[in-house]
Amino acid sequence: MCGIVGYIGEDQAAPILLNGLEKLEYRGYDSAGVAVCDGGSIQVEKCKGRLKVLADLIDQGEKIPGTVGIGHTRWATHGKPSDLNSHPHVSGQGKFAVVHNGIIENHLMLKEFLLKQGKQFLSETDTEVVAHLLEYYYQGDVLDAIIQVLHQVEGSYALGILCEDIPDQIFAVRKQSPLIIGLGQHENFIASDIPAILSKTREIYRLENNEIAQIKKDQVMIYDLEKNIVQKERCHIDWDISAAEKGGYEHFMFKEIMEQPKAIADTIQPRIQEGRIVLDDMTLTKEDLEQFRKISIVACGSAYHVGVVAKYVIEKLTRIPVDIDVASEFRYRNPIIDEKVLVIVISQSGETADTLAALHEAKRLGARVLSIVNVVGSAIANESDDVLYTWAGPEISVATTKAYSTQLTVVYLLAVYMADLMGLISRQEYQGYLDDLCHLPGQIEMILKKKDQLQTLASRYFNAKDIFFIGRNIDYAMSLEGSLKLKEISYIHSEAYAAGELKHGTISLIEDGTLVVALATQDTLFEKMMSNVQEVTARGAVVLGLTTEDHPEMEKSATHTFYIPKTNDLMLASLAVIPLQLFAYYVASMKGCDIDKPRNLAKSVTVE
Ligand code: M6R
């Protein structure tokens, strides 16, 4: 979704802002803009469309003098994508320029008030009220004005603010939406996400809710809403810069698919010490686990699909009943949650608005919350009782791959850890699971080596109008993910179905030549799946069968067969997902789609 960058230093700001915004393009956006202060008035340039349109308009930034500025990429929520709705927004007399991520929920009421004060609005956005309010409350002290505004606005925000009267400072504040301050030598930055400033500095402050930063080129002061100074601890970002760059690959998605063996190994290895699973700062005890009457998992999109796998894995190993909910549904269905429920929240970004809201609802109802998150220090991580990080590194492609895979890995670690703590698995079984976990990266390498087979298959089916994915149990969970991956990046209509459910409706859609991807990786369900394959082939379907190496009989029924190595049934999802990701990628590539930035989608969905 929207991205924020700010710079204050000795260099020309506009090219640095453009560069930072480019690193945030992956978040998804439809317009972009910058505001730069050159000692005098604030110059704003903004327009609808890709960043390149803005960059051309301002001659790659060279046209705008000034060493202090803020920039923004907008993903439209209030008001269509347009030049006027793009950020930054400026107050009536041009004193303040504002960039904003999030939503000002009471903007209509505030707008009505400001209109009565004679303010004129140029845009349809919720953000513009903030610029006008700042000017309304400003009486010579920007901090005071910001504090007054924060007492008025409701909702979520990360704000970057310039004031014409103080041309050597940037102000920044956040609530719910993330914002970091990058610390340099005679220069400082603000950004909504680390990649924007990674080429400039690795030293940051993470701004917490309701903290206000006053940033000069040689000093950063942080205040609370009472204007008390807040002492912050610096964080060092140890990402390899290449992690946020394409490194020779055509697309981030492909790079991230290929990085999965390493990402999974990085997630597992530090957590297996002397043959035992060690889970970070996990505080859940055997007694805690034994008193939970159920586990409730909430997440969105692919993270939800991890939750569907987790239901099978955790129930099998711990015998604790597991519910799984889409986060946006959970909070509105009056869920039966109390202190005897462990809520597991799964989110790559740690800032997905629906998931965060579900977490708040779970906590309000008294639940213990454990989160599985990729982004350190994100809102979901901060607000959970326990956090297990997926050490996937930055994931730039909108379509998740390595974050999904590392989430699965954490689920396995957690399930085995819990089962062991509760005394439900033998030493031998425990060791067996650990061995299987440690083999996953190598097995994924083997699948990645067969990527050409998937490219060939994609070349045959990239013009398909509809593609169906079917499977049972964990293979059904994988079908959900395979189908989502395909449709989000290739725009081919696709459905995932529990294979046994086909004949209750969906089978009417199967006709001559329809491609059905049939997942049959679970030994116990293989025969049942073969019946479902027969059902669709009898109706003319072309079947791409996905199974393990010990099931060559798939070839008798399926048109094409792709084999994955064998591991225990619970962990097969980690292997089955790889060909599904590659197939989706190659199909989208052959269709010439914008793979890393699919239309209408955003990397972090920070609005409801
Ligand atoms: O950051 P999160 O894991 O909370 O994001 C959840 C979904 O928005 C995300 O998984 C989305 O479905 C991906 N685009 C799927 O590839």
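**Around the ligand, and the empty spaces beyond**

The shell around the ligand is made up of five nonpolar, seven polar and two charged residues. Keep in mind as you look around that this is a predicted model. The shell counts 14 residues, and the closest of them are S347, Q348, S349, T352 and E488. Two helices are worth picking out here: α9 (301-318) and α16 (474-490) each bring at least two residues to the shell around the ligand.

Now zoom in on the polar contacts. Start with E488, where a polar side-chain atom comes to 2.4 Å from an oxygen atom of the ligand. With Q348 it's the backbone that does the touching: one of its N or O atoms lies 2.6 Å from a ligand oxygen atom. S302 also uses its backbone, with a polar atom there 3.1 Å from an oxygen atom of the ligand. How much of the ligand does the protein bury? On its own the ligand would expose 410 Å², and the protein buries 91% of that. As for where all this happens, the ligand sits in the second largest pocket.

So what about the largest pocket? Its volume is about 920 Å³. A total of 48 residues line the largest pocket, and if you want to find its centre, look for I194, W239, N374, G393 and P394, which lie nearest to that point. By class, the lining of the largest pocket splits into 19 nonpolar, 14 polar and 15 charged residues. Which elements supply at least two residues each to this lining? They are β14 (235-236), α7 (260-268) and α12 (379-383), with α7 giving the most, at three residues.

Next come the closed spaces. Rolling a probe the size of a water molecule over the atoms shows where empty space is left. In this model, there are three cavities of 30 Å³ or more. The largest cavity holds about 70 Å³ of space. Going round its walls, you'll meet C2, then R74, W75, T77 and H78, then H87, H100 and G102, and finally T125, D126 and T127. The lining of the largest cavity has seven polar residues, along with two nonpolar and two charged ones.

The second largest cavity comes in at about 40 Å³. Its lining consists of V5, I16, N19, G20, F189, A196, I197, S199 and K200. Helix α1 (residues 13-23) gives the most to that lining, with three residues. Sorted by class, the lining of the second largest cavity has five nonpolar residues, three polar and one charged.

Two spots in the backbone deserve a stop before you leave. One takes you back to H87, which we met in the lining of the largest cavity: the peptide bond from H87 to P88 is cis, with omega near 0 degrees. You'll find P88 in the loop that runs between β4 (68-74) and β5 (89-90). The other spot is E274, a residue other than glycine with a positive phi, near 50 degrees. Where does E274 lie? Look in the loop between β15 (272-273) and β16 (276-277).

Terms used:
Residues are numbered from 1 along each chain as its sequence is written. This is a predicted model: local features need pLDDT of at least 70, side-chain atom pairs count only at pLDDT 80 or more; totals for chains, interfaces and linings use all residues. Side-chain values use heavy atoms; hydrogens and water are left out. On a 1 Å grid over the protein atoms alone, a cavity is a set of points where a 1.4 Å probe fits but cannot get out, and a pocket is an open set with protein on both sides within 12 Å along at least five of seven lines; lining residues have an atom within 4 Å of a point. Grid points are joined across faces, edges and corners, and a volume is the space filled by probe spheres set on the points. Ala, Val, Leu, Ile, Met, Phe, Trp, Tyr, Cys and Pro count as nonpolar, Asp, Glu, Lys and Arg as charged, and the others, Gly among them, as polar. Helices (H or I, at least four residues) and strands (E, at least two) are DSSP runs, numbered from the N terminus. A residue is near a molecule or strand if one of its heavy atoms lies within 4 Å of it. A polar contact is a pair of N or O atoms within 3.5 Å; within protein, one must be able to donate a hydrogen and the other to accept it, and residues adjacent in sequence count only if both atoms are side-chain atoms. Accessible areas come from the Shrake-Rupley method with a 1.4 Å probe; for residues, only the protein chains shown count as cover. A molecule sits in a cavity or pocket if more than half of its atoms lie within 2 Å of its grid points.
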